[in-house]
Amino acid sequence: MSNEWQYKLLKGLSALTCKMSYRTILRIGATLGPLYSLVGKKQKKRGIYNVMKGMNVSEAEAAQILEELFKNLGRSALEILYMPNLTKEFIAEHIEMYGLEYLDKALAEQRGVVILTAHVGNWEWMGAALAACGYPSTTIVKKQPNAQVTRLLNEYREMVGLEVFARGGSEMIRAVKAMKQKKLLGFLADQDGYIQGLPVEFLGQDSSAVTGPATFAQKFKAPVVPVFTHRKADGIGHVVEILPPLYYEDTGHEAEDIYRLTEATVRVTEDFIRQHPTEWLWFQHRWNTKLHEIVDIDEKLKVRDAVHAKE
């Protein structure tokens with residue numbers, strides 16, 4: 001049976017949302033967001049545990065961070081439905097951009113740019129802001145469990161000027177082509193690297209880190225520019241922070257060089273998350289893969305030890 005009705009429902013909700021003022025949808029989102037924690041009890045419990053580990057705080061403090069996170073997620077959900085209203089004028093009024101000089105300098109190298117980002121703040125609006133500023137922006141995305149949600153998200157991403165590549169298959173060929181065309185290629189690199197990842201501690205716990213940004217940086221000799229976003233202090237609008245680029249350094253030891261850059265991407269990501277703990281998805285399955293499950297883990301641990309010994 002077709003799920004077309006789900007898509008039409010989402011479009012209808014989006015149309016209704018777009019008739020409201022921006023401040024109104026933020027209030028509604030902040031009210032609805034915490035209700036999810038009532039049904040997502042497993043996620044909340046997992047999130048509290050991860051906050052305690054990652055932020056080194058008490059259970060009560062972690063619970064408060066999760067409460068604020070759910071409010072922000074509610075705001076972001078309504079903002080995604082609001083995306084048809086994202087004109088260049090609206091973006092200029094509500095999204096502040098800092099560090100554009102780093103991005104301009106990286107693009108001037110003419111090798112393409114790997115954008116390192118994470119599920120922190122409203123990353124969908126961040127991509128829209130980059131595209132609105134005229135940057136040739138592409139992104140590798142993970143399909144949502146619900147195909148109709150994926151359909152709507154990709155429709156809205158393309159609406160605001162983003163070129164979207166799904167993970168795997170021919171889409172990765174298109175991602176390679178985007179780099180050859182000297183575009184921005186965005187990676188949401190804060191997810192579990194699964195069995196192919198590298199053993200890099202993340203927010204106080206052993207984890208498998210994704211190697212995509214480092215691999216593309218190596219292949220194209222391209223800079224990796226960290227770009228993250230968070231809400232303004234009053235909650236109305238966003239701040240996009242572009243940080244100094246990271247580079248793949250070829251020392252002749254490829255495994256060590258890939259590890260070193262991957263670890264650098266993890267460190268800059270977790271630093272930003274710790275600065276804005278109420279805006280990252282603490283309950284995601286970031287630490288699902290255990291070290292012993294990683295392919296060739298013994299060799300990878302030797303590489304890690306070798307990198308750390310040289311620091």
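This passage walks through the nonpolar cores and a few helices of a predicted model.

Start with the cores. The largest nonpolar core counts 48 residues, and L66, L185, F216, W280 and W282 are those with the most contacts inside it. Its top contributor is helix 11, spanning residues 254-275, which puts in seven residues. There is also a second core, separate from that one, with 35 residues, M97, A106, I115 and Y135 among them. As a general backdrop, nonpolar side chains in soluble globular proteins tend to be buried together.

L69 gives a local view of how distant parts of the chain meet. This residue sits in helix 4, which runs over residues 59-81. Its relative accessibility is just 1%, so L69 counts as buried, the cut-off being under 20%. Once neighbours within four places in sequence are set aside, the contacts of L69 are T278, E279, W280, L281, W282 and F283. Take W282: 213 residues separate it from L69 in sequence, yet the C-alpha to C-alpha distance is 8.7 Å. W280 and W282, both on that contact list, also appear among the residues with the most contacts inside the largest core.

F216, another of those core residues, belongs to helix 10 (residues 212-220), where the buried set is P213, A214, F216, A217 and F220. Around the axis these residues take up an arc of only 165°, so they lie on the same side of helix 10. Right after helix 10 comes K221, with a positive phi near 50°.

Helix 12 covers residues 297-309, 13 in total, and its first and last C-alpha atoms are 18 Å apart, close to the 18 Å expected at 1.5 Å a residue. Buried here are I297, K300, V303 and V307. Viewed down the axis, the buried residues of helix 12 stay within an arc of 120°, so they line one face. D298, K302 and A309, on the other side of helix 12, are exposed. The cover over the buried residues of helix 12 includes strand 6 (198-199) and helix 11.

That brings helix 11 back into the picture. The axes of helix 11 and helix 12 come within 9 Å of each other and cross at roughly 75°. With 65 to 115 degrees as the range for the label, the two helices are therefore roughly perpendicular. On the helix 11 side, the contact is made by A255, E256, Y259, R260 and E263, while helix 12 brings V303, R304, A306, V307 and H308. Of these, V303 and V307 are also on the list of buried residues in helix 12.

How values were computed:
Residues numbered from 1 in each chain as written. Predicted model: local features only at pLDDT ≥ 70, side-chain atom pairs only at ≥ 80, totals over all residues. Heavy atoms only, no water. Core = buried A, V, L, I, M, F, W, Y, C linked by side-chain atoms within 4.5 Å. Buried < 20%, exposed > 50% of the residue type's maximum accessible area, 1.4 Å probe, protein only. Helix = DSSP H or I, 4+ residues; strand = E, 2+ residues; numbered from the N terminus. Expected span 1.5 Å × (residues − 1). Arc of directions from axis to C-beta. Contact = heavy atoms within 4.5 Å. Axes fitted to C-alpha atoms, helices over the stretch in contact; angles between N-to-C directions. Parallel < 35°, antiparallel > 145°, perpendicular 65-115°, else oblique.
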